[in-house]
Amino acid sequence: MIELDKTSVFGLIIGIFVLGVGIVLKGVPISALANSAAILIIILGTAAAVIIAFPSYEIKRVPKLLKILFTEQKKMNKVELINMFSDWAQTARREGILVLEKKIAELEDPFLKNGMYLAIDGKTPDYIREVLLAEIEAMEERHETGAKIFSQAGTYAPTLGVLGAVVGLIAALGEMNDTETLGQAISAAFIATLLGIFTGYVLWHPFANKLRRKSKQEIQLKMMMIEGILSIIEGEAPKEIEQKLLSFLPAKERRAFIEESRDHNNAYTKTT
C-alpha cells in the first residue's frame with residue numbers, strides 16, 4: 001500500500017486554499033483565475049522552457065519525481081538498522097561473517113545487500129568504502145538533477161508571468177475606447193503574473209527543496225550502512241557499533257535508544 005507524504009499533500013492544499021480565500025477577500029471573483037491564456041503561457045510555457053533546458057532522458061523522470069514528492073518511500077528505520085548491525089556483529093564475532101549470508105539474502109535494500117556481500121567476499125574495507133561511496137555520489141548527482149528540474153521551473157514561471165502580463169496589456173491597449181473592457185483586460189493581464197509567482201514559489205521551488213531534503217536523508221542512511229558494514233569487518237563489539245551509529249540519530253532519539261537499552265540490560269540482569 002502506498003503511503004502519502006502528508007506534508008506535501010497538506011502544503012499543496014493549504015497553498016491553493018490560501019490563494020483562493022485571499023482572492024475572494026480582496027473582492028475578486030474566483031472565476032478570474034480561469035484565464036485560459038494565462039494558464040497556457042505559464043503552465044505550457046514553463047514546461048517548454050524546462051524541456052529545452054534538460055535532455056529527454058532527464059525529463060522522462062518527472063513522473064517518478066512527482067511520485068517521490070507525494071509518497072513516502074519505503075526505507076529502513078535507523079533504530080532498527082542499529083539493532084540489526086549490533087546483532088550481526090555479535091553473530092560475526094561468535095561464528096564468523098560467512099554465517100550472515102543467509103540473513104543478507106533476505107534484505108530488500110540493494111545498497112546494504114551489495115555492501116554486505118562485498119564484506120563476505122573478503123574485500124578490503126578501503127575497497128568497500130570506495131565502491132559504496134561512488135554509488136552514493138552517482139545517486140546524489142541523479143537526485144540533484146531531478147531537483148534542478150523543479151528549481152529551474154520555479155525560476156522560469158515568474159518571468160513567464162511577466163511575459164503573460166505584457167501580452168495582456170498589449171491586448172488591453174487595443175480597447176482604449178472602452179473603459180470597462182480596458183479594466184477587465186488589465187485585470188486579466190495580471191492573472192498571468194499571479195499564476196507565475198504562485199507556481200514558482202509555492203510549487204516548483206518547494207518541490208525542489210523537498211527532493212533535496214529526501215535525498216539528504218537517503219544519503220545519511222546509506223552512510224550509516226557503510227559505517228555499520230565496515231565496523232563488522234573490523235570485528236568491533238556490538239556496543240562499540242551502537243555508539244558509533246548513534247551519532248546518526250537526532251539527540252532525542254539517541255537518548256530514547258540509550259534509555260531503552262539501559263532498561264533492557266537492567267531487566268536482563270534481574271532475570272539472571
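A crossing of two helices is called right-handed if the near helix is turned clockwise from the far one by less than a right angle, and left-handed if that turn is anticlockwise. The structure considered here is a predicted model, and the term applies to two of its helix pairs, both of which involve helix α8.

Two packed helices are described by the angle between their axes and the distance between the axes. For helix α7, residues 110–120, and helix α8, residues 125–173, the angle is about 160° and the axes are 10 Å apart. Because angles over 145 degrees count as roughly antiparallel, α7 is roughly antiparallel to α8. The crossing of α7 with α8 is right-handed. On the α7 side, the contact is formed by Phe111, Asn114, Gly115, Leu118 and Ala119. On the α8 side, the participants are Tyr127, Ile128, Val131, Leu132, Glu135 and Ile136. Sorted by class, the residues of this contact comprise 8 nonpolar, 2 polar and 1 charged.

Val131, a residue of helix α8, belongs to this contact with α7. Its relative accessibility is 26%, and Val131 therefore counts as partly exposed. Between Val131 and Leu118, which are 13 residues apart along the chain, the C-alpha separation is 9.5 Å.

Helix α8 also packs against helix α2, residues 36–53. Here the angle is about 135°, with the axes 8 Å apart. That angle makes α2 oblique to α8. As with α7, the crossing of α2 with α8 is right-handed. From α2, the residues that meet α8 are Ile41, Ile42, Gly45, Thr46, Ala49, Val50 and Ala53. Their partners in α8 are Ile149, Ala153, Tyr156, Ala157, Leu160, Gly161 and Gly164. The contact of α2 with α8 contains 10 nonpolar and 4 polar residues, and no charged ones.

Two further residues of α8 merit individual attention. Ser151 lies in this helix and has a relative accessible area of 17%; since buried means under 20%, Ser151 is classed as buried. Beyond its neighbours within four places in sequence, Ser151 is in contact with Trp204, His205, Ala208 and Arg212. Gly154, likewise in α8, is buried with a relative accessible area of 1%. Setting aside neighbours within four places in sequence, Gly154 is in contact with Gly200, Trp204 and His205. Trp204 and His205 thus appear among the contacts of both Ser151 and Gly154. By contrast, Gly154 and Ile258 are 104 residues apart in sequence, with their C-alpha atoms 44 Å apart in space.

Lys222 connects several of these elements. This residue lies in helix α9, residues 179–233, and is buried, with a relative accessible area of 10%. Leaving aside neighbours within four places in sequence, Lys222 is in contact with Asp109, Phe111, Ile136 and Met139. Of these, Phe111 and Ile136 also take part in the contact between α7 and α8.

The last element is helix α10, residues 238–245, in which Pro238, Ile241, Glu242 and Leu245 are buried. These residues cover an arc of only 100° around the axis, which places them on the same side of α10. An α-helix has 3.6 residues a turn, so residues three or four places apart point the same way.

Methods. Residues are numbered from 1 along each chain as its sequence is written. This is a predicted model: local features need pLDDT of at least 70, side-chain atom pairs count only at pLDDT 80 or more; totals for chains, interfaces and linings use all residues. Side-chain values use heavy atoms; hydrogens and water are left out. Axes are lines fitted to C-alpha atoms, for helices over the stretch in contact, and angles run from 0 to 180 degrees between N-to-C directions. Helices (H or I, at least four residues) and strands (E, at least two) are DSSP runs, numbered from the N terminus. Angles under 35 degrees count as roughly parallel, over 145 as roughly antiparallel, 65 to 115 as roughly perpendicular and the rest as oblique. Contact means heavy atoms within 4.5 Å. Ala, Val, Leu, Ile, Met, Phe, Trp, Tyr, Cys and Pro count as nonpolar, Asp, Glu, Lys and Arg as charged, and the others, Gly among them, as polar. Buried means under 20% relative accessible area, exposed over 50%, partly exposed in between (1.4 Å probe, protein chains only). The arc is that of the directions from the helix axis to the C-beta atoms.
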